[in-house]
Amino acid sequence: MTTESALSGARTLLFVPGLRSERFDKALRSGADAVIVDLEDSVAPDQKAAAREAIAAAWTTLLAADVPVLVRINAAGSPHNEADLAWLSALPPPAGVMVPKAESAAGLAAVRGHLPGVPIVPIIESAAGYLALREIAAAPGVVRLAVGHIDFMADTGIQCSADERELAPLRFAVAMATRVQGLSPAIDGVTTTLDDDARLEADTRRAVSFGFGGKLCIHPRQVSPVLSALTPAVDEVDWARRVLAADLAAAGAATQVDGRMVDVPVVLQARRILARLRS
């Protein structure tokens with residue numbers, strides 16, 4: 001499996017603060033499908049340079065791991081963005097670069113100019129990013145979109161109820177942009193509570209309902225519950241396999257499974273369920 005395909009199929013993506021190098025190994029051993037070394041929100045403004053130094057010191061070890069390692073840089077317009085890009089371009093390339101507060105294809109082109117060939121994961125977390133979704137999703141180098149709903153609420157002033165129904169238009173729009181551009185399934189934002197497994201499961205299942213294929217995690221303990229919630233249930237898998245078997249036996253003609261007509265849309269649904277097992 002190539003690094004890009006591993007990133008495209010990653011279901012659990014775990015943040016680790018760039019300044020906390022003592023946590024890098026734990027993150028790599030957490031079972032997460034990918035690790036995101038963070039230079040943005042988890043690092044204070046006056047410690048950005050120290051975080052870059054800490055990451056660089058561990059870079060060989062990070063890249064030697066079996067887990068894809070991404071770097072979340074600081075946003076365009078930040079006084080730290082250019083320094084991040086110059087620094088990262090001097091290192092062997094990461095598995096991907098996560099771009100916060102993505103708001104234009106031009107901004108992503110600047111990232112690609114410094115890091116040619118490195119897969120880009122833009123985070124949609126502002127009204128401007130929402131309105132520019134089509135061009136962001138179509139930008140060269142973009143492999144997946146991610147939702148940053150916490151910053152999106154801060155930017156827009158939206159106040160959410162517990163189920164975050166107010167953000168359904170954002171998640172729907174990201175899902176549609178993903179589909180139109182043929183990107184890998186989108187990644188949902190973090191769950192900030194660390195001691196509420198029911199909330200974490202509900203948040204993850206909501207992501208699945210929008211067709212998302214991954215979720216950002218902020219603590220190693222979130223990795224296993226998120227993976228479990230993203231994995232289709234046994235009865236779903238059994239149904240999907242029976243649908244595909246029936247379709248094969250019918251040579252693509254319409255048939256029935258459990259009294260329900262099976263045609264092309266149903267077969268596609270079954271394949272998507274099974275793809276969640278393989279991703």
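Start by selecting strands β3 and β4 (residues 96-99): they pair in the parallel sense over 3 bridges. Keep in mind as you look around that this is a predicted model. For a single contact to centre on, pick Leu70 of β3 and its bridge partner in β4, Gly96. Then add helix α4 (residues 81-89) to the selection, and you have a right-handed β-α-β unit made of β3, α4 and β4.

Next, stay on β3 and turn to its other pairing. Select strand β2 (residues 34-38), which runs parallel to β3 and is joined to it by 4 bridges. Leu70 is worth keeping highlighted, since in β3 it is also the bridge partner of Ile36. To follow the chain from β2 to β3, show helix α3 (residues 48-64): the path goes through this helix, and the β-α-β crossover is right-handed.

Now display the side chains of β3 itself, residues 69-72. In a regular strand, side chains alternate between the two faces of the sheet. Here Val69 and Val71 point one way, while Leu70 and Arg72 point the other. Are these four buried or exposed? Every one of them is buried, Arg72 included.

For the last stop, look for enclosed space. How many cavities of 30 Å³ or more are there? The count comes to 1, and the space in this largest cavity is about 40 Å³. To find it, select Thr193, Leu194, Asp195, Asp196, Asp197 and Leu200, together with Arg221, Gln222 and Pro225, which line it. Colour the lining by residue type and you should see 4 charged, 3 nonpolar and 2 polar residues.

Notes: Residues numbered from 1 in each chain as written. Predicted model: local features only at pLDDT ≥ 70, side-chain atom pairs only at ≥ 80, totals over all residues. Heavy atoms only, no water. Buried < 20%, exposed > 50% of the residue type's maximum accessible area, 1.4 Å probe, protein only. Helix = DSSP H or I, 4+ residues; strand = E, 2+ residues; numbered from the N terminus. Pairing = 2+ DSSP bridges. Right-handed = clockwise from strand over helix to strand, strands pointing away. 1 Å grid on protein atoms, 1.4 Å probe; cavity = no way out; pocket = protein on both sides within 12 Å on 5 of 7 lines; lining within 4 Å. Points joined across faces, edges and corners; volume = space filled by probe spheres on them. Nonpolar A, V, L, I, M, F, W, Y, C, P; charged D, E, K, R; others polar.
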